[in-house]
Amino acid sequence: MATNGAEQQNQAGRHQEVGHKSLLQSDALYQYILETSVYPREPESMKELREVTAKHPWNIMTTSADEGQFLNMLLKLINAKNTMEIGVFTGYSLLATALAIPDDGKILAMDINRENYDLGRPIIEKAGVAHKIDFREGPALPLLDQLVEDEKNHGSYDFVFVDADKDNYINYHKRLIDLVKVGGLIGYDNTPYGMALWSPPLMPHSASMLGTTGTSCWSSIRLSLLTPELRSVCFQLAMASLSAVGSNEQPN
Ligand SMILES: C[S@@+](CC[C@H](N)C(=O)[O-])C[C@H]1O[C@@H](n2cnc3c(N)ncnc32)[C@H](O)[C@@H]1O
């Protein structure tokens, strides 16, 4: 038993060391999933971008390969065409999105930092999908306010991926609920960090804020297409919470 305990502790240590964001407690299992299922399906351009990003000092911020494929699959399932991304970094999730949507699809992509996006941009261009991307440098909230002001943007987005500035999730949600069409999806990355469902909070400082956002998201929607079991799957895949937007209600 002592050996098992020591082994478990060692494994937990390695899990932290690897620094990936999966909530799986076993590094070996996560590695197995990556090697047998995820990497073999990863498009060449995504692999190239992942490898460039791995050399970045803030590489922990990138969307993982399994999450990228989950995003790609979701977008195809809902036939998403008009999309938005808040938090681009080097563009891994952006490329996953650009590859999933049709040739005339659009992604309004926002980040306060263009330099990191510029690292990934040549790879996105080489993949032939850069024309779908409208990158805006700057904080997301004022841009969302501008979008909300114009009624023609209401209900116009099929999908939004929020992966930045966790403390503002609730503020993003209040605006996005107007911008996403009924039946569209909003994916919030990392909210389980604060919910401590499978592992201790990895980012305790933002725990309460994310927990609150998650609760508000769920309580603000009248129609949820996802069962609790499916939500668990989403969490396991490190997608934070996934809202199926069924109304234009504001969160409480
Ligand atoms: C976790 S990373 C995004 C990862 C990205 N989705 C990917 O797949 O690699 C978060 C990003 O949010 C950006 N960011 C932080 N605060 C922001 C804000 N207020 N508005 C827009 N972007 C912001 C950061 O510059 C950073 O690039």
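**Note on the β-sheet, core and ligand shell**

1. Ile86 stands opposite Met110 in β2. The model is predicted. Strand β1, residues 82-86, pairs with β2 in the parallel sense, over 5 bridges. Between these two strands the chain passes through α5, and this β-α-β crossover is right-handed.

2. On to the next neighbour of β2. Strand β3 covers residues 133-137 and pairs with β2 over 5 bridges, again in the parallel sense. Here Met110 stands opposite Arg136. The connection uses helix α6, residues 114-126; β2, α6 and β3 make a right-handed β-α-β unit.

3. Met110 deserves a closer look. This residue sits in strand β2, residues 106-111. Is Met110 buried or exposed? Met110 counts as buried because 21 C-beta neighbours lie inside 10 Å, and the cut-off for burial is 20 or more. Leaving aside residues up to four places away in sequence, Met110 touches Ile86, Arg136, Gly138, Ala140 and Leu143. Two of these contacts, Ile86 and Arg136, are the strand partners named above. The C-alpha atom of Met110 is 9.4 Å from that of Ala164, although 54 residues separate them along the chain.

4. The strand as a whole follows suit. In β2, 5 of the 6 residues are buried, so the strand is largely enclosed by the rest of the structure.

5. A further parallel pair lies later in the chain. Strand β4 (residues 157-162) and strand β5 (residues 180-188) are joined by 5 bridges. Phe159 stands opposite Leu185 in β5. Helix α8, residues 169-179, completes a right-handed β-α-β unit with β4 and β5.

6. Now the packing. The largest nonpolar core has 44 residues, and Leu95, Ala98, Val160 and Val162 touch the most other members. Which helix gives the most to this core? Helix α5, residues 92-100, does, with 7 residues. Beyond residues up to four places away in sequence, Ala98 touches Ile107, Ile124, Val129, Lys132 and Ile133.

7. The ligand shell holds 20 residues; those that come nearest are Thr63, Gly87, Phe89, Ser93 and Ala164. Two elements, α5 and β2, give two or more residues to this shell. By type, the shell divides into 10 nonpolar, 7 polar and 3 charged residues. Helix α5 thus appears in two roles: top contributor to the largest nonpolar core and contributor to the ligand shell. Ala164, one of the nearest shell residues, is also the residue whose C-alpha atom lies 9.4 Å from that of Met110.

8. Two backbone angles should be checked. Asn79 is not a glycine, yet its phi is positive, near 55 degrees. Asn79 is in the loop between α4 (65-77) and β1. With 12 other C-beta atoms within 10 Å, Asn79 is exposed. Asp165, also not a glycine, has a positive phi of about 55 degrees. Its place is the loop between β4 and α8. Asp165 counts as partly exposed, because 17 C-beta neighbours lie inside 10 Å.

9. Overall figures. The protein has 10 helices and 6 strands. Of its 252 residues, 36% are buried. Among contacts between residues at least 6 apart in sequence, 74% join residues at least 24 apart.

Notes:
Residues are numbered from 1 along each chain as its sequence is written. This is a predicted model: local features need pLDDT of at least 70, side-chain atom pairs count only at pLDDT 80 or more; totals for chains, interfaces and linings use all residues. Helices (H or I, at least four residues) and strands (E, at least two) are DSSP runs, numbered from the N terminus. Two residues are in contact if their C-beta atoms, placed from the backbone, lie within 7 Å. Two strands pair if DSSP finds at least two bridges between them. A crossover is right-handed if, with the strands pointing away from the viewer, the path from the first strand over the helix to the second runs clockwise. A nonpolar core is a set of buried Ala, Val, Leu, Ile, Met, Phe, Trp, Tyr and Cys residues joined through C-beta atoms within 7 Å. A residue is near a molecule or strand if its C-beta atom, placed from the backbone, lies within 6 Å of it. Ala, Val, Leu, Ile, Met, Phe, Trp, Tyr, Cys and Pro count as nonpolar, Asp, Glu, Lys and Arg as charged, and the others, Gly among them, as polar.
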